[in-house]
Amino acid sequence: MKGWEPLKGGESDTSLYRRGDVFAKCCPPEGVPELRDERDRAEWLAGTAIPSAAVVDWVESADGACLMTTAVPGVPGDSLAVEDHAGAMAGLGRAVRELHSLTDCPFERPLASVVALAEDVVRRGAVNPAFLTDEWRKLEPAELLARVVAERPYAESLQELAVCHGDLCLPNVIFDPSTLEVTGLIDLGRLGISDRYIDLALATIQIHDEWSADPAPFLASYGLPDPDQRRLEFHRMLDPLTWG
Ligand SMILES: Nc1ncnc2c1ncn2[C@@H]1O[C@H](COP(=O)(O)OP(=O)(O)O)[C@@H](O)[C@H]1O
Ligand SMILES: [Mg+2]
């Protein structure tokens, strides 16, 4: 792409470019439906009070598609300085609380569809071991899936539906490095109405693993200081089975 600087990073099969204040996320033809989902969700979130990246263009051809979004000012959560982690947890808690308070979201991500996706990934032998903990890597993905399936009735009976980000890892949250408020939630392909524990499970395990920090300040700021650990564990085991 002429005039565009290719960027490294990201976890998906997309390529990322930047030109000035615009990011372009591009995918091959087989990735178009997924990127289109991300575009639609980004357009919807931009119409709410939650800070995010605005969609500026969408280009589709036989070679694939590119989603152009405005650059969110600030620093992604995985690049913040250690001394900023505590303050950023407070900002993140407030932002996630506001996200979960939104109404009238047209996108749904029911647990049944997430489990079906995990079943498909496991059946294809496509689980990425890099997303598993040391303990889980010792087990067959089918065994992990069996545990998820066994725990599903518990998690499902208690689920609390809210507008969720769906992939609330630290690189997908941009912070103002001086105020430590969230300046934008990005990478919205999985945004939709789901169990709010999906976001809480990912955010807390990321804070623990990537920042080596106790997520208590995040949970306090979010307003759920004592979450159900069993539901957190359920979603932490399910999520890595859904990529691949
Ligand atoms: N609009 C944007 N504003 C600021 N940073 C962005 C933007 N889009 C992407 N990035 C940066 O690029 C990284 C990868 O983009 P992302 O959309 O999360 O791709 P992936 O799906 O591969 O994770 C992000 O973690 C962030 O650092
Ligand atoms: Mg991302």
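Strands S8 and S9 pair in the antiparallel sense, held over three bridges. That pairing is a good place to start a walk through this predicted model. From there we can visit a hairpin, a helix, the cysteines, a magnesium site and one buried serine.

**The three-stranded sheet**

- S8 and S9 belong to an open sheet of three strands, in the order S6-S8-S9, with antiparallel pairing.
- Strand S6 (75–76) and S9 stand at the edges with a single partner strand each, so one side of each has no neighbour in the sheet.
- Helix H2, made of residues 85–100, packs on this sheet and touches S8 and S9. The direction of H2 makes about 50° with that of S9.
- To find one facing pair by eye, look for valine 173, which stands opposite leucine 185 in S9.

**The S4–S5 hairpin**

- Strand S4 (residues 55–61) and strand S5 (residues 64–70) run antiparallel and are joined by six bridges.
- How many residues does the hairpin use to join S4 to S5? The hairpin goes through two residues.
- Serine 61 stands opposite glycine 64 in S5.

**Helix H1**

- Helix H1 covers residues 32–46, which makes 15 residues. Here is a friendly bit of arithmetic to follow: at 1.5 Å a residue, H1 should span 21 Å, and its end C-alpha atoms are 21 Å apart, which agrees.
- The buried residues of H1 are Val32, Leu35, Glu38, Arg39, Arg41, Ala42, Trp44 and Leu45.
- What covers these buried residues of H1? The cover includes strand S3 (22–27), S4, S5, H2 and S7.

**The disulfide and the other cysteines**

- A search of the whole structure finds one disulfide. This disulfide joins cysteine 26 to cysteine 66, with an S to S distance of 2.1 Å.
- The link of cysteine 26 and cysteine 66 is right-handed, with 110° about the S-S bond.
- Cysteine 26 lies in strand S3 and cysteine 66 in strand S5, so the pair ties together parts that are 40 residues apart in sequence.
- Are the two partners buried or exposed? Cysteine 26 counts as buried because its relative accessibility is 8%, and cysteine 66 counts as buried at 11%.
- Why is cysteine 27 not bonded to cysteine 66? Cysteine 66 holds the closest cysteine sulfur, but the sulfur of cysteine 27 is 7.4 Å from it, which is too far for a bond. Cysteine 27 is buried, with a relative accessible area of 8%.
- Cysteine 105 is in no disulfide, and the nearest cysteine sulfur, that of cysteine 164, is 9.5 Å away. Cysteine 105 counts as buried at 10% relative accessibility.

**The surroundings of cysteine 26**

- Leaving aside neighbours within four places in sequence, cysteine 26 is in contact with Met1, Thr14, Ser15, Tyr17, Leu35, Ala65 and Cys66.
- One of those contacts, Leu35, is also among the buried residues of H1.
- Serine 15 is eleven residues from cysteine 26 along the chain, and their C-alpha atoms are separated by 5.2 Å.

**The magnesium site**

- Which residues coordinate the magnesium ion (ligand 2)? Asn172 (OD1) and Asp187 (OD) do, at 2.1 to 2.2 Å.
- The pair links distant parts of the chain, 15 residues apart. Asparagine 172 is in the loop between strand S7 (161–164) and strand S8 (173–175). Aspartate 187 is in the loop between strand S9 (182–185) and strand S10 (192–195).
- Asparagine 172 counts as buried, at 3% relative accessibility, whereas aspartate 187 is partly exposed, with a relative accessible area of 22%. The cut-off for buried is under 20%, so aspartate 187 falls outside that class.

**A buried serine in S10**

- Serine 194 has its place in strand S10.
- Serine 194 is buried, with a relative accessible area of 2%.
- Leaving aside neighbours within four places in sequence, serine 194 is in contact with Arg109, Glu160, Leu161, Ala162 and Cys164.
- Cys164, one of these contacts, is the residue whose sulfur is the nearest cysteine sulfur to that of cysteine 105.

Technical notes:
Residues numbered from 1 in each chain as written. Chains lettered and ligands numbered in written order. Predicted model: local features only at pLDDT ≥ 70, side-chain atom pairs only at ≥ 80, totals over all residues. Heavy atoms only, no water. Donors = N, O, S within 2.8 Å, 3.2 Å for Na, K, Ca; no water. Helix = DSSP H or I, 4+ residues; strand = E, 2+ residues; numbered from the N terminus. Buried < 20%, exposed > 50% of the residue type's maximum accessible area, 1.4 Å probe, protein only. Pairing = 2+ DSSP bridges. Contact = heavy atoms within 4.5 Å. Axes fitted to C-alpha atoms, helices over the stretch in contact; angles between N-to-C directions. Expected span 1.5 Å × (residues − 1). Disulfide = S-S within 2.5 Å.
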